[in-house]
Amino acid sequence: MISDLLVVLVLMAIFTYGFARPCVALCGIVYIDLYKPQGNSYSFLAGAPLSMIIAVFLFMAMLINARKLTTPKNIIYHVLMLGFMTWITLSTINAQFPELAWLKYDVAIKTIFLAYFIPFVLTDRKSVELFVCIKVRYWRIAVNFLNTYF
C-alpha cells in the first residue's frame, strides 16, 4: 500500500512536469515499462493500465508542446521506421501461426510506434541525459536483482 502511494506520487510529479517538458513524460514511460509497478503491486495499482495512461499523457504533452519538438531532418529515419512498421505488419499477416503472431504484433507495433517519436522529444543534451540516466539506473537495479537471486 505504501509503495503504491509512492508510485502515485512519482506519477503525479511526472504529470506535473511532463506538461511543460515532454522528455519527462517520455522518461515516465521508460520508468513504467521497466519497473512495472502495476505488476509488483498487491493493492489498488494491481492491474492498472499505467502504460496506456502515461502513453496517452505523452502524446497530449507532445500536442501541447508541438512548437518545442523537432522533426528529424533526415528522411531516411522516417522511411526506415515506417518501413519497419510495414514489414512487421506484413510478416504478421503472412505468419504460420496467426493467433500467436497477432499477440506479439500488438506489443511490437506499440513499442516501435513509441520509439518512432523518441527523436522528436529528445532535442537537447539535458533531455538525452535524463533519458539515459533512467535507462541505466533500472538496468543496474535489474542486474543487482539477478546477482542476488542467482
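Q: Which residues count as touched by His78, leaving out those up to four places away in sequence?
A: They are Thr71, Pro72, Tyr116 and Phe120. Contact means heavy atoms within 4.5 Å. This is a predicted model, in which local features need pLDDT of at least 70 and side-chain atom pairs count only at pLDDT 80 or more, while totals for chains, interfaces and linings use all residues. Residues are numbered from 1 along each chain as its sequence is written, and side-chain values use heavy atoms, with hydrogens and water left out.

Q: Why is His78 called buried?
A: Buried means under 20% relative accessible area; exposed is over 50%, and partly exposed lies in between (1.4 Å probe, protein chains only). His78 has 14%, so it counts as buried. Its side chain also reaches the backbone oxygen of Pro72 at 3.1 Å.

Q: How do you know that the length of helix 5 agrees with its residue count?
A: Helices are DSSP runs (H or I, at least four residues), numbered from the N terminus. The expected span is 1.5 Å times one less than the number of residues. For the 19 residues of helix 5 (residues 75-93) that gives 27 Å, and the end C-alpha atoms are 27 Å apart, so the two agree.

Q: Where do the buried residues of helix 5 lie, and how do you know?
A: The buried residues are His78, Met81, Met85, Ile88 and Thr92. Seen down the axis, they fall within an arc of 105 degrees, so they line one face of the helix. The arc is taken from the directions from the helix axis to the C-beta atoms. The face turned away carries the exposed residues Ile75, Val79, Leu80 and Trp87. Helix 6 (98-116) and helix 7 (118-121) are among what covers the buried side.

Q: Why is Cys133 not counted in a disulfide with Cys27?
A: A disulfide is a pair of cysteine sulfur atoms within 2.5 Å. The sulfur of Cys133 is 8.6 Å from that of Cys27, its closest, so this is too far for a bond. By this rule the count is 0 disulfides. For Cys27, the nearest cysteine sulfur is that of Cys23, 5.9 Å away.

Q: Are Cys27 and Cys133 buried or partly exposed?
A: Cys27 has 5% relative accessibility, so it counts as buried. Cys133 has 33%, so it is partly exposed.

Terms used: Helices (H or I, at least four residues) and strands (E, at least two) are DSSP runs, numbered from the N terminus. A polar contact is a pair of N or O atoms within 3.5 Å; within protein, one must be able to donate a hydrogen and the other to accept it, and residues adjacent in sequence count only if both atoms are side-chain atoms.
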